[in-house]
Amino acid sequence: MRRLARLILTLVSVLSLGPGLPTTAPVYADHSSSGAIIDALMDPLINECSSSLTQNELAALVLSIPWHEVTGGDTDLTPSPMTLSRHDTDPQLHYDFDQTGATKRAFWHPGIGPWQFDDGGIGAWAGRERFDSGVTGHYVARNISGRYCDGETAFEEIFVPWHACDNGECEATFLAIYSSGTDSLTHLTEDSQVGLLGGSVERTCIFPQIDDEFTCLYVDPANAQGFDDWATTPSPDASTSNDSPLAYPFYVFTQIIGTDAYEWRVWITEDTPDPIFDTSVAARRPLGSNSRSSLEWFSTVGLCDTSEQRGECLPGC
Amino acid sequence: MGATRNRNLLFRSPLLISLAFLSVLASGIAFAQISTPSTAPPEKQLPLLPRDPKVVREAATKNPAGVPAPNPDGFKSLLGYTGRYFNRSGQSGRVTVLEKTVSVLPGSNWQVVGLVRNETDVPIGEIEVSAQLLNSAGEIVGTANAASLVRGIRSGEPAPFLLGASVPSGAVASVKYTATGKVGQSIWRDFELTTYWQLPYGDRPRRDAFLHSDPQAPPYPYVIAGSVRNMGGTPVSPILVAAWLDPEGRVIHVANLARPLLKGKEPASIRNIGSFYYANSDPVIAPKLVEAEISYWAGASA
């Protein structure tokens with residue numbers, strides 16, 4: 001089924017781009033999206049309303065949101081799974097409440113990825129998972145399809161979690177990238193250069209005092225795949241009434257202790273200009289809570305990236 | 001760099017609890033005993049949200065040095081409840097008003113909002129909260145009682161309450177609270193609650209779309225929207241309640257959340273997942289809500 005859907009996508013793309021083909025439909029600009037995300041959305045298990053929504057229809061609904069969330073509506077740009085929100089100015093999001101000084105770029109971005117999973121909203125439940133567009137894409141698909149079967153079928157109902165869709169933008173994009181006549185995705189280019197992690201890299205980490213290894217994710221905005229203007233505009237050092245600085249590269253992981261779960265982000269000394277930090281700094285957020293009011297910051301947390309021997313690695317780690 | 005900087009942790013003072021207990025005994029008012037059905041088994045499993053197994057495998061399960069253990073009263077995301085004060089450690093065996101969460105609401109007459117917690121090891125149908133209002137001479141000037149706004153309260157779970165009396169706020173110098181648990185019908189609590197967004201009260205871009213349309217002119221109301229997922233697969237009509245807490249952990253507002261009316265559909269019934277919303281235009285309360293921490297409860301008749 002998945003291969004069939006992809007074949008249809010390819011054929012339709014070729015046909016729609018073919019020179020001289022007659023068309024009575026509106027001429028749409030091309031739409032560029034991560035091929036890995038499109039692949040992930042072909043999983044039939046994420047469709048909770050397969051009796052009413054086809055897999056391609058659901059995929060088109062999910063895919064129509066990110067351009068309006070993160071590329072300013074430019075559909076020929078591929079939304080980056082690494083996208084970090086830049087419009088929060090709450091002092092709590094900065095280490096030591098430092099909004100203007102040397103440490104201001106130890107900064108917690110609340111909104112992550114193509115669907116902007118904000119921890120004050122739809123991303124509150126997720127930690128490291130927010131940086132994986134396979135996970136978040138599935139979540140969006142299950143949310144939309146589940147609500148669809150419970151009666152939220154109008155476009156304004158379907159797109160209600162995303163403000164960027166408030167004025168019909170996502171509906172228009174959906175109509176451009178989905179052909180109901182052939183139940184296929186159309187006017188859609190698969191960007192093979194953008195993976196589900198968008199340039200973030202899975203590593204193995206430990207706390208030096210503790211033996212258990214865990215998977216962490218290394219997020220370096222310099223390696224972002226897809227549309228990455230968010231990393232440079234405004235400038236990484238910006239700290240204004242409207243814009244936040246860009247975080248230095250950081251490690252992110254999810255920690256679960258019994259019934260308590262946290263999202264952690266850690267900045268190690270190698271990733272910050274010497275001598276701003278003489279030790280790692282870190283922040284944690286209880287999953288379910290909003291980082292703007294719930295962050296705890298630490299300057300005592302050592303983290304060792306055992307994959308690359310970076311951070312505070314003791315001999316023998 | 002500087003020393004570890006933590007958010008102020010919320011904790012209960014054993015001394016204050018002891019004093020409160022002694023004062024209640026001295027006044028001849030006993031903490032209420034709960035009517036416990038003899039067949040109710042103690043609750044052992046916490047109502048955890050199902051998690052991606054991949055995440056569990058990857059989790060770091062221990063804290064590094066210098067990081068405090070989780071606060072037992074800290075924020076938790078559980079089935080049917082998201083917020084602070086869900087705590088099964090140090091249970092008293094009673095239902096207890098969490099007095100540090102209680103705040104007096106604005107208004108000429110006395111009215112308070114707060115949390116009461118099931119500190120027994122069995123679920124409770126609902127909790128009756130009572131208050132004796134005392135003046136500065138220690139004389140009773142009024143009483144109030146009301147049921148918790150949530151039913152089917154699990155072991156360790158807090159529940160919001162709202163109490164009011166026709167007594168001027170200025171006449172009340174102190175309050176003695178009691179709480180009584182009652183057996184009730186079984187309540188389905190397996191819901192996952194998510195916030196979509198909040199809109200602040202006041203002058204902001206006007207919204208005119210699904211779930212909420214602003215009035216023509218500001219001040220626009222505070223609005224919150226989100227979703228509730230039914231984990232059971234059988235259609236149910238959940239009751240949704242939210243409480244807003246200030247930075248000190250005091251409840252400043254509670255409200256029932258509304259489900260949208262959908263064309264051709266039973267509005268309240270949810271098989272999979274549905275949206276909710278709430279708006280408030282009170283110029284005293286509404287400006288405070290967007291900065292507050294939100295707790296959610298969801299439950300439906302089983």
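Student: Is A:Asp212 buried, partly exposed or exposed?
Tutor: This is a predicted model. Buried means under 20% relative accessible area and exposed means over 50%. A:Asp212 has 31% relative accessibility, so the residue counts as partly exposed.

Student: Which side chain does A:Asp212 meet in a salt bridge?
Tutor: The contact runs N to O at 3.7 Å. The cut-off for a salt bridge is 4 Å. The partner of A:Asp212 is B:Lys62.

Student: Why does the pair of A:Asp212 and B:Lys62 join two chains?
Tutor: A:Asp212 lies in the loop between β7 (201–206) and β8 (214–219) of chain A. B:Lys62 lies in the loop between α2 (53–58) and β1 (76–78) of chain B. The pair therefore joins two chains, A and B.

Student: Is B:Lys62 buried, partly exposed or exposed?
Tutor: Partly exposed covers the range between 20% and 50%. B:Lys62 has 44% relative accessibility, so the residue counts as partly exposed.

Student: Which side chains does B:Arg250 meet in salt bridges?
Tutor: One bridge has an N to O distance of 3.1 Å, and its partner is B:Asp246. Another is at 3.6 Å, with B:Glu248. The partners of B:Arg250 include B:Asp246 and B:Glu248.

Student: Of B:Arg250, B:Asp246 and B:Glu248, which is buried?
Tutor: B:Arg250 is at 33%, so this residue is partly exposed. B:Glu248 is at 45% and also counts as partly exposed. With a relative accessible area of 13%, the buried residue is B:Asp246.

Student: Which residues are linked in a network of salt bridges in chain A?
Tutor: The acidic members are A:Asp88, A:Asp118, A:Asp119 and A:Glu263. The arginines complete the network: A:Arg130, A:Arg265, A:Arg285 and A:Arg292.

Student: How many salt bridges are there over all chains?
Tutor: The pair A:Asp212 and B:Lys62 is one of them. B:Arg250 with B:Asp246 is another. Over all chains the count comes to 29.

Student: Turning to disulfides, which cysteine is joined to A:Cys49, and where does it lie?
Tutor: A:Cys49 sits in the loop between α2 (35–40) and α3 (55–63) of chain A. The disulfide, S to S 2.0 Å, links distant parts of the chain, 100 residues apart. The partner lies in helix α5 (residues 133–149) and is A:Cys149.

Student: Is the disulfide of A:Cys49 and A:Cys149 right-handed or left-handed?
Tutor: The torsion about the S-S bond is about 85°. The disulfide is therefore right-handed.

Student: Which of A:Cys49 and A:Cys149 is buried?
Tutor: A:Cys149 has 27% relative accessibility, so this cysteine counts as partly exposed. At 1%, the buried one is A:Cys49.

Student: What is the handedness of the disulfide of A:Cys165 and A:Cys170?
Tutor: Their sulfur atoms are 2.0 Å apart. Both cysteines are buried. The torsion is about -70°, so the disulfide is left-handed.

Student: What is the torsion about the S-S bond of A:Cys304 and A:Cys313?
Tutor: A disulfide joins A:Cys304 to A:Cys313, S to S 2.0 Å. A:Cys304 is buried at 0% relative accessibility, while A:Cys313 is partly exposed at 24%. The disulfide is right-handed because the torsion is about 95°.

Student: What is the pairing of the bonded cysteines of chain A?
Tutor: The structure holds 4 disulfides over all chains. Number the bonded cysteines of chain A in sequence order. The pairing is 1-2, 3-4, 5-6, 7-8.

Notes. Residues numbered from 1 in each chain as written. Chains lettered and ligands numbered in written order. Predicted model: local features only at pLDDT ≥ 70, side-chain atom pairs only at ≥ 80, totals over all residues. Heavy atoms only, no water. Disulfide = S-S within 2.5 Å. Helix = DSSP H or I, 4+ residues; strand = E, 2+ residues; numbered from the N terminus. Buried < 20%, exposed > 50% of the residue type's maximum accessible area, 1.4 Å probe, protein only.
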